[in-house]
Amino acid sequence: MTIFSRHTARTRHVVALVALVALSACHRNRTAAELDEASNEPTTIEFTNESLAQADVFVSSASMGARRLGTVFAGRTETLTVPKEIAIRGTINVAARLLARSRVPSSGSIAISPGAHLSVRLPLDERALYVLPAN
């Protein structure tokens, strides 16, 4: 073996080891009690309306129609609860129907699980909804 091939082999082993350590640090084993507790906890969306219009917030899933979660007035933040039968579907779409506007901004598909907390923001330009995990 040449020095170059030994160095390449050693580099591959080091990169593989670092990747393995990084991935194992990201993985979290949850106990059955933690999973049951999370499924009993309500799934919530913290909706921040930065626009100048009142927003009726809807959530929909692939095989279900849209369901209204509530109304968030202009400049306000409200915590809305997602029904459990929608939260267990795995993916949802959040949409906001704005008062006296024809535009309906939406979030696109969002992966969700029972007990999740999301933060959805409607900016002043009212073009789209931005989703982040809630604190």
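Two strands count as paired here if DSSP finds at least two bridges between them. Keep that in mind for the sheet described below, and note that this is a predicted model.

**How far to trust it**

The protein chain has a mean pLDDT of 83, and 79% of its residues reach 70 or more. Among the elements of the chain, strand S4 scores highest with a mean pLDDT of 96, while helix H2 (residues 32-40) sits at the bottom with 58. Where pLDDT is low, the predicted coordinates should not be read in detail.

**The sheet**

On to the strands. An open sheet is built from 4 strands in the order S4-S1-S7-S8, with mixed pairing. Strand S4 (77-82) and strand S8 (130-133) are the edge strands; each has a single partner strand, so one side of each has no neighbour in the sheet. On average, neighbouring strands of this sheet are turned by 25 degrees against each other, direction ignored.

At one end of that order, S7 (residues 117-122) and S8 run antiparallel and are joined by 4 bridges. If you want a residue pair to look at there, Ser119 stands opposite Leu132 in S8.

Strand S1 (residues 43-49) holds Thr44. Is Thr44 buried or exposed? With a relative accessibility of 12%, Thr44 counts as buried, because the cut-off for buried is under 20%. Its side chain makes a polar contact of 2.6 Å with the side chain of His117. Setting aside residues up to four places away in sequence, Thr44 touches Thr79, Leu80 and Thr81, and also Ala116, His117 and Leu118.

**Salt bridges**

The count for this model comes to 6 salt bridges. Three of them are set out here.

| Pair | N to O distance |
|---|---|
| Glu50 and Arg121 | 2.8 Å |
| Asp56 and Arg68 | 3.8 Å |
| Arg67 and Glu85 | 2.5 Å |

Take the Glu50 and Arg121 salt bridge. Glu50 is in the loop between S1 and strand S2 (55-61), whereas Arg121 is in strand S7, so this pair ties together parts that are 71 residues apart in sequence. Glu50 is partly exposed, at 36% relative accessible area, and Arg121 also counts as partly exposed, at 34%.

Next comes the salt bridge between Asp56 and Arg68. This pair links distant parts of the chain, with Asp56 in strand S2 and Arg68 in strand S3 (residues 64-72), 12 residues apart. Here the two partners fall into separate classes: Asp56 counts as buried at 12% relative accessibility, while Arg68 counts as partly exposed at 46%.

Then there's Arg67 with Glu85. Arg67 belongs to strand S3 and Glu85 to helix H3 (residues 84-87), so the salt bridge ties together parts that are 18 residues apart in sequence. Arg67 counts as partly exposed at 33% relative accessibility, and so does Glu85 at 37%. Which residues are joined into one network by salt bridges that share partners? Those are Asp56, Arg68 and Arg97.

**Two loop residues**

Glu126 lies in the loop between S7 and S8. Despite the loop address, Glu126 counts as buried, with a relative accessibility of 6%. Its side chain makes a polar contact of 3.1 Å with the side chain of Arg101. Not counting residues up to four places away in sequence, the residues that Glu126 touches are Ser51, Leu52, Ala53, Leu98, Arg101, Arg103 and Pro105.

Arg89 is another loop residue, placed between H3 and strand S5 (91-98). Arg89 counts as partly exposed at 43% relative accessibility. The backbone oxygen of Glu85 lies 3.5 Å from a polar atom of the Arg89 side chain; Glu85 is also the salt-bridge partner of Arg67. Leaving aside neighbours within four places in sequence, Arg89 is in contact with Ser61, Ser63 and Met64. Arg89 and Pro114 are 25 residues apart in sequence, and their C-alpha atoms are 9.1 Å apart in space.

Technical notes
Residues are numbered from 1 along each chain as its sequence is written. This is a predicted model: local features need pLDDT of at least 70, side-chain atom pairs count only at pLDDT 80 or more; totals for chains, interfaces and linings use all residues. Side-chain values use heavy atoms; hydrogens and water are left out. Axes are lines fitted to C-alpha atoms, for helices over the stretch in contact, and angles run from 0 to 180 degrees between N-to-C directions. Buried means under 20% relative accessible area, exposed over 50%, partly exposed in between (1.4 Å probe, protein chains only). A polar contact is a pair of N or O atoms within 3.5 Å; within protein, one must be able to donate a hydrogen and the other to accept it, and residues adjacent in sequence count only if both atoms are side-chain atoms. Contact means heavy atoms within 4.5 Å. pLDDT is the predictor's confidence in each residue, from 0 to 100. A salt bridge is a side-chain nitrogen of Lys or Arg within 4 Å of a carboxyl oxygen of Asp or Glu.
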